[in-house]
Amino acid sequence: MSNALLQVKDLHVQFNGQRKAQALSGLNFEVAAGEVLTLLGESGSGKSVTLRTLLRLHPEKNTLIKGEIIFDGQDILSLNPKAINQYRGRKVSMIFQEPGLAFDPVYTIGQQLTEVLRAHEQLDASAAQIRALDMLERVQIPQARKRFNAYPHELSGGMRQRAMIALALVCKPQLLLADEPTTALDASVQIQILLLLRELQKETGMSVIFVTHDIGAAVEVSDRIAVMYAGRIVEIGKAVDIVSKPLHPYTQGLLASTVRHENRGSPLVTITGSPPNLAHLPKGCSFAPRCLRAQVNCLSEQPELASTDSTSFACWYPNS
Amino acid sequence: MMSQESTTPLNTQDRGGPAQPILVVNNLKKYFPVRSGLFAREGKFVHAVDNVSFSVAKGKTLGIVGESGCGKSTTAKLIARLINPDSGKMVFDGDGVAEYGGIALKEFRKNLQMVFQDSFASLNPRLTIEQTTAYGPTVHGVSRAQAFAQARSLLQRVGLAPEQFATRYPHELSGGQRQRVNIARALAYQPRLVILDEAVAALDKSVQAQVLNLLQELKSERQLTYLFISHDLHVVHYMSDEVMVMYLGQVVEKGPVERIFSHAAHPYTRALLSAIPSMDPAKRTLKPPLEGDPPNPINPPAGCRFQDRCPLVKDICRSVSPMLAPVGVVYDHTVACHLNLEPPPHE
C-alpha cells in the first residue's frame with residue numbers, strides 16, 4: 001500500500017537486561033492516514049512495546065531492534081537524536097495509561113502545554129498560551145482558564161487524562177499513540193474519554209493506534225483491530241469482522257471467554273493454560289500449546305499472516 | 001416508606017435454618033479523618049461508608065458495584081473487621097459479631113475469608129504455596145500433618161497439581177495461578193462466606209474466565225456464600241444473584257440481578273449500565289451517559305449525593321437525603337431516589 005502513513009515491517013524487539021525477553025517477533029502492519037487501528041491483546045502480548053518502539057522510547061543499551069519502521073517516508077530507526085526530538089511530539093505523540101505519572105508534578109498544566117508548543121514551533125509566550133488554552137477547551141475541560149494554572153495533582157483522574165490528550169494533540173500530530181488510555185478510569189469516565197478521542201480524531205483527521213485489552217473499548221473506537229499474541233499479530237481485520245467472524249482460534253477464544261449477559265447460568269468457555277514465557281517462546285505457533293485444533297506441524301512451523309476476504313490471520317487450521 | 005434504619009428483628013431460634021441470612025449488616029459507618037497540614041482546620045472526614053445496611057442469603061452471591069471511591073472495598077474490610085467500623089452491627093447466622101452473647105471475632109473470621117485483587121501482595125513471598133495454604137489452619141489448632149494434607153488436596157482442587165506446584169514460591173507463578181492459591185488458602189478454613197474483592201480484576205480475559213468458572217464450581221460444591229465486589233458489570237451480572245449499587249459511601253439501589261439489569265430505577269444505575277461498551281460496531285455509544293467524575297467523598301453535600309451529576313435532579317434532591325424504599329410493588333428491589341415513583345424505562 002502506498003498511501004500508508006506508517007509501515008512496520010518485520011519488527012523484532014528483544015530485551016537483554018537482567019532477564020531476556022523476545023517482546024516482538026516479526027510484526028507487520030500498516031496504518032493509513034486518518035485510520036484508527038487497535039492493538040488488542042493480553043498482558044505480555046507486546047502491544048505497549050510496539051508503541052514505545054515506534055517512538056524509540058526503549059533504552060538503546062539493552063534493547064535489540066530489528067526490522068523497519070517507515071513513517072511518512074522516513075525510516076524512524078535511523079533518525080539521529082535531533083531528528084527524533086522533532087519527530088516525537090510533533091509528528092507522533094503518545095498518551096499513557098496513568099496520566100498522574102506522565103505529567104511532571106512540579107509544573108502547571110499550562111506550563112507543560114506551552115513548553116511543548118514552544119519547543120516545536122516558533123511561538124512567543126502569549127501566542128503559545130492562546131493555543132494551549134484553546135486546546136484545553138477542545139478536550140472539554142470545564143473552566144479551562146482555571147485549569148491552565150492548576151498542578152496535575154489538583155485534577156481528577158478523568159480531567160488529567162483530558163489534559164494528557166490536550167498535551168499530546170497540541171502540536172497537531174499526524175499519528176496519536178494511545179496506550180490503554182482508559183484502563184485506569186471508571187466506567188462512566190472511560191466512555192467519555194473514548195467518545196472524546198473519537199470526536200477529536202474525526203475533527204483533525206489524524207491516525208490513531210489504540211492499545212487495549214478491552215474488546216468493548218476497541219469496538220467503540222476502531223476501524224481495524226489487530227489481535228496480538230506473544231509478540232505477533234495473529235489476526236487483523238475490520239472491527240466488525242474481527243468481532244463477528246473471527247478465524248484464528250485465539251481470537252475466537254478471547255471473544256468466547258468475554259463475559260456477556262447471555263453467559264449467565266452456564267460455565268464460561270475458556271482458553272486453557274496461560275500465555276507463554278517470552279524468554280522461552282515455543283517453536284512454531286506460540287499459541288499451539290493452548291490450542292485445541294493444534295496439529296503436529298503447529299508445534300514446529302510458524303504460520304504467516306494470510307489474508308482472506310474478511311480478516312488476515314496466522315493459523316494453519318483456521319475455522320470459520 | 002421503609003426507612004434505612006429499620007431492621008428486621010432476628011429470631012435466634014431460627015439459627016442455621018436455610019431462611020436465615022448468613023450475614024446481616026446494619027447501619028455500618030466509617031468516616032476517615034483527613035489531615036491536610038499543620039494548620040489545617042479540623043472536622044474534615046471522608047465519608048467512606050455511610051449507613052450501609054444489607055443482608056446476604058445463604059448460598060447466594062451478593063454483587064457490590066460502584067466506581068472507585070464509592071466504598072465497596074471499605075465495606076468489605078469493615079465486614080472482615082480488618083478495620084473497625086465507627087458504628088454499626090453485624091449478625092452472622094443469627095449471632096451478633098464480637099458482642100456479648102454472640103460469636104467471637106476469631107470464630108467469625110474462621111467462617112469468613114477474603115480474596116483480594118492483588119494476588120502477589122496478598123501472599124507471603126517467603127512461604128511456598130503449600131505452607132501458605134496450611135498456615136491458617138495450624139494457627140487455628142489443626143495438626144501440621146493434617147493441615148498440609150488438606151492444603152495439597154485444596155491445591156489439587158483449584159487446578160494446581162501439588163506434585164508440580166506445592167513447593168513453589170509466589171513469584172514463580174503467573175497471576176492466574178497465584179489467584180488460585182489465594183482461593184485455595186481462603187477455603188482452607190472451611191469458610192461459609194467468602195468476600196471476593198475485585199478478585200478477577202487484575203487477570204487477563206482468558207484467565208479471568210477460568211477463575212470465574214472455578215469460583216462457581218466451588219460455590220456449589222461447598223455451599224459457599226459470596227460477597228462479590230467488582231466494577232465490571234458484565235462479571236457482576238454473571239456471578240451474582242443480588243446486586244447492590246453504591247455511590248459515595250451509600251447504597252443507592254439493591255435488588256435481584258435480573259431486575260437491576262433490566263429495570264434499574266436509580267439514574268446512577270441506569271447511567272452505569274449504559275456506559276458498558278456494546279460489542280457491536282454498528283451500535284456504538286453516541287453520548288456519554290454521565291458527565292464529570294465521581295465527586296470527592298470529603299464532606300459530601302446535603303441531600304442526594306448524586307445531585308451534581310444527575311440528569312433528572314429536582315429541588316428536593318438538594319436538601320433531603322433519599323432513603324432506600326421499595327420500587328413499586330417489587331418488595332425486594334429498593335432504591336434511594338426521590339424520583340422512585342416514575343416508571344423505569346424499557347418495561
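Reader: How many residues of chain B are in contact with chain A, and what makes two residues a contact?

Author: In this predicted model, 32 residues of chain B are in contact with 36 residues of chain A. Two residues are in contact if their C-beta atoms, placed from the backbone, lie within 7 Å. Residues are numbered from 1 along each chain as its sequence is written, while chains are lettered from A and ligands numbered from 1 in the order in which they are written. Local features need pLDDT of at least 70 and side-chain atom pairs count only at pLDDT 80 or more, whereas totals for chains, interfaces and linings use all residues.

Reader: Which elements of chain B give two or more residues to the side that touches chain A?

Author: They are helix 7 (205-222), helix 8 (233-239) and helix 10 (267-274) of chain B. The largest share, eight residues, comes from helix 7 of chain B. Helices are DSSP runs of H or I with at least four residues, strands are runs of E with at least two, and both are numbered from the N terminus.

Reader: What classes of residue make up the side of chain B that touches chain A?

Author: That side has 16 nonpolar, 11 polar and five charged residues. Ala, Val, Leu, Ile, Met, Phe, Trp, Tyr, Cys and Pro count as nonpolar, Asp, Glu, Lys and Arg as charged, and the others, Gly among them, as polar.

Reader: Why is Lys47(A) called buried?

Author: A residue is buried if 20 or more other C-beta atoms, placed from the backbone, lie within 10 Å of its own, exposed if 12 or fewer, and partly exposed in between. Lys47(A) has 25 C-beta neighbours inside 10 Å and therefore counts as buried. Lys47(A) lies in helix 1 (residues 47-54) of chain A. Not counting residues up to four places away in sequence, Lys47(A) touches Leu39(A), Gly41(A), Val211(A) and Met228(A). Buried residues make up 45% of the 320 residues in chain A and 46% of the 347 residues in chain B.

Reader: How do you know that the radius of gyration of chain A agrees with a compact globule?

Author: The radius is taken over C-alpha atoms, and the globule rule is 2.2 Å times the number of residues to the power 0.38. With 320 residues, the rule gives a value near 20 Å; chain A has 21 Å, so the two agree. For chain B, with 347 residues, a compact globule would also be near 20 Å, and the value of 21 Å agrees.
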